[in-house]
Amino acid sequence: MFGRSNSSSLLHIALLCKTCGLSPLYLVSLSPKCSLVQGWAISWVICLNQKSKKLSATVLVLLKRSWTVVFVMLLLFGSTLPMAAAASPKSSCPTTGKGVFVVMVDSNPKSAAVGTTVVTTVAVSYDSSGVNPVTLSPRTISFRWVSTAGEKIVKNAPVPTSSSGIYTYTQTVGDDFPTGSVTIFVVACSCSDDQGNYGPPSDMNSDSSIYEKDGSSVEIGATMQQPATQDLLAAYGVPIVIAIVVIVALLLLVLRTRKKKT
């Protein structure tokens with residue numbers, strides 16, 4: 001193999017093999033015709049090659065980690081965008097600087113049928129707290145009557161007012177109105193003032209208003225329920241019979257008294 005005269009070179013090659021992670025048997029695999037210089041050079045080449053592979057692997061791992069960090073950061077940044085958009089909704093209604101809000105929608109009676117008159121009270125304000133009432137111009141509001149059976153839209157219904165910012169919508173239920181559990185909505189952008197401000201930004205009912213005690217849901221049947229004859233008899237039959245019996249008893253008592261006198 002290598003000449004034994006240069007043991008320091010052999011030791012040098014062995015150290016290179018150990019440093020590079022090569023097996024000590026690597027020395028035996030070299031050609032017997034190689035000189036110590038050639039063996040030393042070959043060891044260095046292989047060592048550098050393995051070092052470069054380890055460096056490349058390390059760089060690749062770092063790159064993968066870097067891309068992972070960038071990807072996670074992009075995900076976190078992207079997830080905040082919808083939240084930011086939801087935190088500051090923009091009205092789609094025309095405005096000249098003031099928002100118009102509906103803060104109360106209250107409908108009565110809560111049970112109706114075709115032919116019944118339903119009165120809906122609406123409070124309109126320039127702020128969502130309801131402390132700055134709006135004078136509508138024109139005094140009209142559009143309404144949607146919605147149930148699982150369908151919907152009815154009443155456009156530009158007249159809404160007289162009895163106090164500032166409070167408007168009254170009176171509607172007789174017709175055959176073309178939905179039945180069942182019906183919710184009455186104020187249509188978006190159907191309220192306006194004389195300055196060109198419109199609202200509300202979206203359809204409003206009692207569930208979305210700030211007033212807790214209002215209610216814009218009405219149970220509507222196909223026809224007005226009339227009390228049945230049997231129900232009337234059950235309610236008033238017994239009192240009528242008792243009254244008749246009392247009257248008859250009084251008459252008999254009067255007749256007996258007259259006979260005794262004669």
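Among the contacts in the chain that are formed between residues at least 6 apart in sequence, 66% join residues at least 24 apart. The model, which is predicted, contains four helices and 11 strands. Of the 262 residues in the chain, 29% are buried, and the chain exposes about 17,400 Å², of which carbon and sulfur atoms supply 65%.

Aromatic side chains provide one set of links between separate parts of the sequence. In general, a pair of aromatic rings is described by the distance of the centres and the angle of the planes. Three aromatic pairs were found in the chain. In one of them, the ring centres of Phe143 and Tyr169 are 3.9 Å apart and the planes stand at 5°, so this pair is stacked. The pair links distant parts of the chain, since Phe143 belongs to strand β4 and Tyr169 to strand β7, 26 residues apart. Phe143 is buried, with a relative accessibility of 0%, and Tyr169 is likewise classed as buried, with a relative accessible area of 1%. Tyr169 also pairs with Trp145 in an edge-to-face arrangement, with 6.4 Å from centre to centre and 75° between the planes. Because Trp145 lies in strand β4 and Tyr169 in strand β7, this pair ties together parts that are 24 residues apart in sequence. Both Trp145 and Tyr169 are buried. Together with Phe177, the residues Phe143, Trp145 and Tyr169 form one aromatic cluster.

Charged side chains form a further set of contacts, and a search of the whole structure gives four salt bridges. Arg144 takes part in a salt bridge with Glu151, in which the closest N and O atoms are 2.8 Å apart, and in a salt bridge with Asp203, for which the corresponding distance is 2.7 Å. The second of these pairs ties together parts that are 59 residues apart in sequence, because Arg144 lies in strand β4 (residues 140-147), whereas Asp203 lies in the loop between β10 (198-199) and β11 (217-221). Arg144, Glu151 and Asp203 are thereby linked in a network of salt bridges. Within this network, Arg144 is buried, with a relative accessible area of 18%, while Glu151 counts as partly exposed at 42% relative accessibility and Asp203 counts as partly exposed at 28%.

Another salt bridge is formed where the side chains of Asp176 and Lys152 meet, at 2.7 Å from N to O. Asp176 is placed in the loop between β7 (166-172) and β8 (180-186) and Lys152 in strand β5 (residues 150-158), so that this pair ties together parts that are 24 residues apart in sequence. Asp176 is partly exposed, with a relative accessibility of 47%, and Lys152 is also partly exposed, with a value of 22%.

Contacts between charges and rings were also found. Arg144, described above as a member of the salt-bridge network, lies over the face of Phe185, at 5.4 Å from the ring centre. Elsewhere, the charged end of Lys98 sits over the ring of Tyr126, at a distance of 4.7 Å from its centre.

On the surface, a nonpolar patch is formed by Tyr236, Ile240, Ile244, Val248, Leu252 and Leu255, which together have about 590 Å² of accessible area. One of these residues, Ile244, is located in helix α4 (residues 229-261) and counts as partly exposed, with a relative accessibility of 49%.

Some details of the backbone also merit description. Most residues other than glycine have a negative phi, and most peptide bonds are trans. In this model, a cis peptide bond joins Ser137 and Pro138, with omega at about 0°, and Pro138 is found in the loop between β3 (117-125) and β4. A cis peptide bond also joins Gly199 and Pro200, with omega at about -5°, and Pro200 lies in the loop between β10 and β11. Positive values of phi in residues other than glycine occur at Asn156, where phi is near 50°, and at Cys189, where phi is near 65°. Asn156 is part of strand β5 and counts as exposed at 52% relative accessibility, whereas Cys189 lies in the loop between β8 and β9 (191-192) and is partly exposed, with a relative accessibility of 24%.

Note on methods:
Residues numbered from 1 in each chain as written. Predicted model: local features only at pLDDT ≥ 70, side-chain atom pairs only at ≥ 80, totals over all residues. Heavy atoms only, no water. Patch = residues over 30% accessible without salt bridge, like charges linked within 9 Å, V, L, I, M, F, W, Y side chains within 5 Å. Areas by Shrake-Rupley, 256 points an atom, 1.4 Å probe, with all protein chains shown as cover. Helix = DSSP H or I, 4+ residues; strand = E, 2+ residues; numbered from the N terminus. Buried < 20%, exposed > 50% of the residue type's maximum accessible area, 1.4 Å probe, protein only. Contact = heavy atoms within 4.5 Å. Phe/Tyr/Trp six-rings, centres within 6.5 Å; stacked < 30°, edge-to-face > 60°. Lys NZ or Arg CZ within 6 Å of the ring centre and 35° of its normal.
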